[in-house]
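Open the model in your viewer and keep the selection panel handy. We will go from one selection to the next, with a short note on what to look for at each stop.

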Amino acid sequence: MTAPVEIKHLFKTYTRRRWFGKNAEKAVLKDVSLTLAEDHVLGLVGESGCGKSTLCKVLLGIEKATSGLVKADGKDIAFLSKSGFKKLRRVMQVVYQDPYSSLDPRMNVRQLLSEPLDIHGLEKDPAARKAFLAELLASVGLSETQLERYPHEFSGGQRQRICIARALALDPKILVADEPVSALDVSVQAQILNLLKEIKKARRLSMLFVTHDFAVARFLCDDIAVMYQGRIVERAPAEDLFTNPQHPYTEALLAAVPSADASRRADGNGAEEASEHPDRAGWPCPFAPRCRYAQAVCAKTPFELKEVFPRHACACCVMPFKTAKSKSAV
Amino acid sequence: MTQSAEPILQVRDLKIDFSADQGILPVLRGLSYSLPKGRVLGVVGESGSGKTVHALSILRLLPPAARISGGEILYKGKNLASMGEEELRSVRGDKISMIFQDPSASLNPVLTVGEQLTETLLAHRKLSKRQARREAVALLEKVGISEAEKRLDEYPFQFSGGMCQRVMIAMALALSPDVLIADEPTTALDVTIQAQILALIKQLQRQSGMSAVFITHNLAVVSGIADDVLVLYAGLCMELAPAAQLFENPLHPYTQGLLSSLASVHKKEDVLPVITGHPPVPGQILTGCPFAPRCPHAFDKCRQECPPLFEEAGRQTRCWLREGK
């Protein structure tokens, strides 16, 4: 059985062309390998600029990979023709962050939801189309009576529901969700998170879920990959990552998440001293300049994502060794 | 809430309207609180709740379409809402200062950081340029920017988002104000940077003993920094309580709903408890309690009449369920 999404040694470099002098190159994704297992939710977590959205763009075919293999639904997307991509769109759909800018303001809900069906020639019979749209809307918690309305008549949460319905119209197997709740109001986020979990279960979707919020990732994801500056620094089943984080960056991220939990308020927000070591900039490990565990050995050890526990990979030459040792001592 | 002798900032029944195509839209519908010296008030609300408008109104920085239609904003007994521009200028930056959400957009891109920092100092204090520069270096060091002397001559684009926010904080604190108003100061930042900035604000606030109004949509952020928390919804205060009590025992159904709907990093839930529906848009005609349409405990009275703030044990709650408690 092939995995819905398989990415191997993906590199993506943006080149800024200069009129004079050398072109400037910026590597955004460096040797990224990922597998999205069937019926799983893979969370891609990282801070702004770490490359998580670029990864989505490459997977969706919006950007071309510089090198490496990207397979979606068993097909290498580098070799897909235009019609091949069109077919792939029925299998793989996307929900974006901002439901305000991702819906055409001049189309009503019926048109918005019918567009993908028209393009792919599905549900042509008017009666069947009507029933299909009603069912689709119901599945995202909206009602048939809202079909003739326009996006501006809906709140942010409802618009995101429309975006989700539009993505589901073609009954895809893979859903790419790029920060789908971060633009929403706090009281509405939980609704959309529950909805995503529900439809994932009901439709047996495989989902690539991009977020910067660990709390959201814990709620929804089966596996998590943590990215830092274009590299994956840790990859593990979600529960393992939260209970036993290995990489110093994951640890720092988890400690920085503010908590409204009454019992955890006392220990503050876990802010770490801002330690900047610009002298470590050239080291193989991208996190070294901010790392509090960095040692001389980090300067020499090449960057490598190694399995430290079953299915739990970490790219740190100091940490796994340390925790493995302290574990055996217990 | 412990009431020290004289509140430094007092807001009384503040009302703000926006004029729009649809007519006059009330955005803030009577907000009252008092901020004692040395305390931090967290104001929490969703978009459209009026939290930013309230922040801007304190220094009278409202956009032209908005208007203070009632109430008072008292700084040490003087009403900022009716103060003349001239007098107001001596308050802005000097006595009350503000930091905004997007640090890189709040700095002037064509001036060096040093020029912007010394500008504030030179405008309000009788200092020579050299003295101002020395002061600016000290300020940058205070907010944790290394090689301050060198970085003064750099431009904002040479600073990261977190560093820009540090500069903004340095500017806001340059004249040791009595009150700092922080409008979503960490929303545009990454979590690790957010934690650093929050710790910095808290540390500086403690050192200088200034008061602060900290505005955010994120309850978790406010929990670490605020002494008291005010929950805004549809332009009304729903609940005002000391932070520890609010997070341990929220009394208003809206606060309860907000707190329980937050996903947690500390455990994995199967389903998140939700608040159904969505917040009202400004201008929507509301009868009764604005939260009633989404409230699981709403009864007839809630839909007909908006509850007042009921006081009990040092906290205020706008809910009929708290009547006579």
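The tour takes in each chain as a whole, then the sheets, the helices and the contact between the chains.

**Before you start**

This is a predicted model, in which local features need pLDDT of at least 70 and side-chain atom pairs count only at pLDDT 80 or more, while totals for chains, interfaces and linings use all residues. Residues are numbered from 1 along each chain as its sequence is written, and chains are lettered from A and ligands numbered from 1 in the order in which they are written.

**Stop 1: each chain on its own**

Show chain A by itself. You will find 10 helices and 12 strands there; helices (H or I, at least four residues) and strands (E, at least two) are DSSP runs, numbered from the N terminus. Along the principal axes, the C-alpha atoms of chain A fill a box of roughly 70 × 55 × 45 Å. The radius of gyration of chain A is 22 Å, which agrees with the value near 20 Å for a compact globule of 330 residues. That radius is taken over C-alpha atoms, and the globule rule is 2.2 Å times the number of residues to the power 0.38.

Now switch to chain B, with its 12 helices and 12 strands. Its radius of gyration of 21 Å is close to the 20 Å that the globule rule gives for 325 residues, so chain B is as compact as a globular protein of that length. The box for the C-alpha atoms of chain B is roughly 70 × 50 × 45 Å, taken along the principal axes.

**Stop 2: the sheet of chain A**

Return to chain A and colour the strands. Eight of them form an open sheet with mixed pairing, in the order E6-E7-E8-E3-E9-E10-E12-E11; two strands pair if DSSP finds at least two bridges between them. At the edges are E6(A) (92-95) and E11(A) (306-309), each pairing on one side only. From one strand to the next, the twist averages 25°.

Select E10(A) (residues 231-237) together with E12(A) (residues 312-314): they pair in the antiparallel sense over two bridges. Arg235(A) stands opposite Ala313(A) in E12(A). Then add E11(A), which runs antiparallel to E12(A) and is joined to it by three bridges. Which residue in E12(A) is the bridge partner of Phe309(A)? Click on His312(A) to see that partner. E11(A) and E12(A) form a hairpin with two residues between them, and Arg311(A) in the turn has a positive phi of about 60°.

**Stop 3: helices across that sheet**

Show H1(A) (residues 52-60), which lies across E3, E6, E7, E8 and E9 of chain A and runs at about 150° to E7(A). Two residues are in contact if their C-beta atoms, placed from the backbone, lie within 7 Å. Axes are lines fitted to C-alpha atoms, for helices over the stretch in contact, and angles run from 0 to 180 degrees between N-to-C directions. Next select H5(A), which lies across E6 and E7 of chain A at about 175° to E6(A).

**Stop 4: the sheet of chain B**

In chain B, eight strands form an open sheet in the order E6-E7-E8-E3-E9-E10-E12-E11, again with mixed pairing. E6(B) (96-99) and E11(B) (310-312) stand at the edges with a single partner strand each, so one side of each has no neighbour in the sheet. The twist averages 20° from one strand to the next. E11(B) is joined by three bridges to E12(B) (residues 315-317), and the two run antiparallel. Glu312(B) has Arg315(B) in E12(B) as its bridge partner.

**Stop 5: around H4(B)**

Select H4(B) (residues 113-124) and H5(B) (residues 129-142), whose axes come within 9 Å and cross at roughly 115°. Residues in this contact include Leu117(B) and Leu121(B) of H4(B), and Ala132(B) and Leu139(B) of H5(B).

Swap H5(B) for H7(B) (residues 161-173): H4(B) and H7(B) pack at an angle of about 20°, with axes 9 Å apart. Val113(B), Gln116(B), Leu117(B) and Thr120(B) in H4(B) meet Val167(B), Ala170(B) and Met171(B) in H7(B).

**Last stop: between the chains**

Show both chains. The contact takes 37 residues from chain A and 36 residues from chain B. On the side of chain A that touches chain B, H6(A) gives the most, with seven residues.
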